[in-house]
Amino acid sequence: MTDQNTPENNEVPPEAQTTEAQTPRLSRQPIRSFVLRQGRMSDAQHRYLAEQMPRIGIPYTESNVDLDAIFGREAPKVVEIGFGMGDASARIAQFLPGTDFVGVEVHGPGVGNLCKLIDLEGIDNIRIVQHDAVEVMRDMIAPDSLDGVHVFFPDPWPKKRHHKRRLIQPAFVHLIASRLKPGGYLHCATDWEEYAEQMLEVLSGESSLENTASDYAPRPDYRPETRFEARGLRLGHGVWDLVFRRR
């Protein structure tokens, strides 16, 4: 996955790394859950990003945005944090055309690729914010406004000294919960067992959320099984889904 949330279903090529001085400032957080490994952008990704983001991009702002006005309709609203290359995001949006999705991602190749998919597939229920997810949720999303939040395969930051960079932490989960409507859901998925255990502990510790399963949930129909996930399952690797709802 990406480094804000490095989804194995949406890998970002690590080869060409850029420095922060060469890239837009996408976060003011002292500890970030991502590293800006932008990777190589294809000509098509550059072109689609330049052409589509003025139409489907939502610029970061320090005030709440009116998502109904942005999408031009009243419909359930779901934020996906860290969509990687966007393949799963596009498939979910097509599976749920009556729901509006806001994808949050910092990495240019992934944003460009999702822009391409949106254009080629004629998808009209996705908008994109290219900015740090913590600041987007804190500043742009109104309390009690979302029907769901997806966090699929966030970077597990496996080394113990890096665990502080993991996205799923008590403070952020509390923030997410405050942005959900009563009955709204938070769906996390990971292929890293130790991170799944931490997620379960953190989500269970948020008093405003309740687990929809006894521990881990079966994969909902709307979350596609990616080729990376299928390969891992064939090799005996596990995948854990957690679906909690706001009380």
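This is a walk through how the sheet, the helices and one aromatic pair are arranged in the structure above. The model is predicted, so please read every value below as computed from that prediction.

Let us begin with the sheet. It is open, has 7 strands in the order 3-2-1-4-5-7-6, and its pairing is mixed. At its edges sit strand 3 (126–129) and strand 6 (209–211), each of which pairs on one side only. On average, neighbouring strands of this sheet are turned by 20 degrees against each other, with direction ignored. If you look at the strand 3 edge, you will find strand 2 (residues 100–104) running parallel to strand 3, the two being joined by 4 bridges. One residue to look up there is Phe101, whose bridge partner in strand 3 is Ile126.

Helix 5 packs on this sheet, where it touches strand 1 (77–81), strand 2, strand 3 and strand 4 (146–152). The direction of helix 5 makes about 155 degrees with that of strand 1.

Helix 5 also has a helical partner. The axes of helix 5 (residues 133–140) and helix 6 (residues 170–179) come within 10 Å and cross at roughly 40 degrees. That angle makes helix 5 oblique to helix 6. The crossing in which helix 5 passes helix 6 is left-handed. On the helix 5 side, the contact is made by Ala133, Val134, Met137 and Arg138, and on the helix 6 side by Phe172, Leu175, Ile176 and Arg179. Sorted by class, the residues of this contact are 6 nonpolar, no polar and 2 charged.

Now turn to helix 4, which can be followed through two packings. With helix 1 (residues 43–56), helix 4 (residues 108–121) packs at an angle of about 70 degrees, and the axes are 8 Å apart. Angles of 65 to 115 degrees count as roughly perpendicular, and therefore helix 1 and helix 4 are described in that way. Among the helix 1 residues in this contact are Tyr48, Leu49, Gln52 and Met53, and they meet a helix 4 set including Val111, Gly112, Cys115 and Ile118. Across the whole contact of helix 1 with helix 4 there are 9 nonpolar, 5 polar and 3 charged residues.

The other packing is with helix 3 (residues 87–95), at an angle of about 35 degrees and with the axes 9 Å apart. Helix 3 and helix 4 make a right-handed crossing. Here Asp87, Ser89, Ala90 and Gln94 of helix 3 touch Asn113, Leu114, Leu117 and Glu121 of helix 4. This contact of helix 3 with helix 4 divides into 3 nonpolar, 3 polar and 2 charged residues. Asn113 is worth a click, as it appears in the contact with helix 1 and in the contact with helix 3.

Finally, let us come to the aromatic rings. The count comes to 1 aromatic pair. It is formed by Tyr185 and Tyr222, is tilted, and has 6.1 Å centre to centre with 45 degrees between the planes. This pair links distant parts of the chain: Tyr185 lies in strand 5 (residues 180–190), while Tyr222 lies in the loop between strand 6 and helix 8 (227–234), 37 residues apart.

Note on methods. Residues numbered from 1 in each chain as written. Predicted model: local features only at pLDDT ≥ 70, side-chain atom pairs only at ≥ 80, totals over all residues. Heavy atoms only, no water. Axes fitted to C-alpha atoms, helices over the stretch in contact; angles between N-to-C directions. Parallel < 35°, antiparallel > 145°, perpendicular 65-115°, else oblique. Left-handed = near helix turned anticlockwise from the far one by under 90°. Contact = heavy atoms within 4.5 Å. Nonpolar A, V, L, I, M, F, W, Y, C, P; charged D, E, K, R; others polar. Pairing = 2+ DSSP bridges. Phe/Tyr/Trp six-rings, centres within 6.5 Å; stacked < 30°, edge-to-face > 60°.
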